[in-house]
Amino acid sequence: MAHTPLPWTIERRDRVGYTTITIGHEDAERACMVCEVGNELRQENVDNANLIAAAPDLLAVCEELLYLLESYQDEARFYLKGHYNRATNAIRKAKGVEKQ
């Protein structure tokens, strides 16, 4: 999966009449505008930007946890099946792959 290399940072630009929140990399060509808001910057937009900026780290942790779940004995895997399925689906969604 190819996405903008880490680290992802949040930059807030206040301009006359609106604010832009951008998620990006130090290479400006790899930035992605998350939202553009009017005169009022809502906390929801800031929270969304924080979540998006954390996405690569969250994906990496989910993949590591999935690997650990897969290495459990069959009996333990039975009790963790719901968590395993949720982690698998979240990783597939992040990679743009349909649910199984």
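## Meeting Thr-88

Let's start with one residue: Thr-88 sits in helix 3, which covers residues 81–94. Helices here are DSSP runs of H or I with at least four residues, strands are runs of E with at least two, and both are numbered from the N terminus. This is a predicted model, in which local features need pLDDT of at least 70, side-chain atom pairs count only at pLDDT 80 or more, and totals for chains, interfaces and linings use all residues. Residues are numbered from 1 along each chain as its sequence is written, and side-chain values use heavy atoms, leaving out hydrogens and water.

Is Thr-88 buried or exposed? Thr-88 counts as buried because its relative accessible area is 17%; buried means under 20%, exposed over 50%, and partly exposed in between (1.4 Å probe, protein chains only). Its C-alpha atom is 7.2 Å from that of Leu-66, although the two residues are 22 apart along the chain.

## Helix 1 and its kink

Leu-66 is also one of the buried residues of helix 1, alongside Asn-45, Ala-49, Ala-53, Pro-56, Leu-59 and Leu-69.

Helix 1 runs over residues 43–70, and its 28 residues reach 38 Å from first C-alpha to last, close to the expected 40 Å (1.5 Å times one less than the number of residues). A kink of about 50° lies at Ala-55, shortly before Pro-56; the bend is the angle between axes fitted to the seven residues ending there and the seven starting there.

## The whole protein

Now step back: three helices and three strands make up the secondary structure, in the order β-β-β-α-α-α along the sequence. Of the 100 residues in the protein, 19% are buried.
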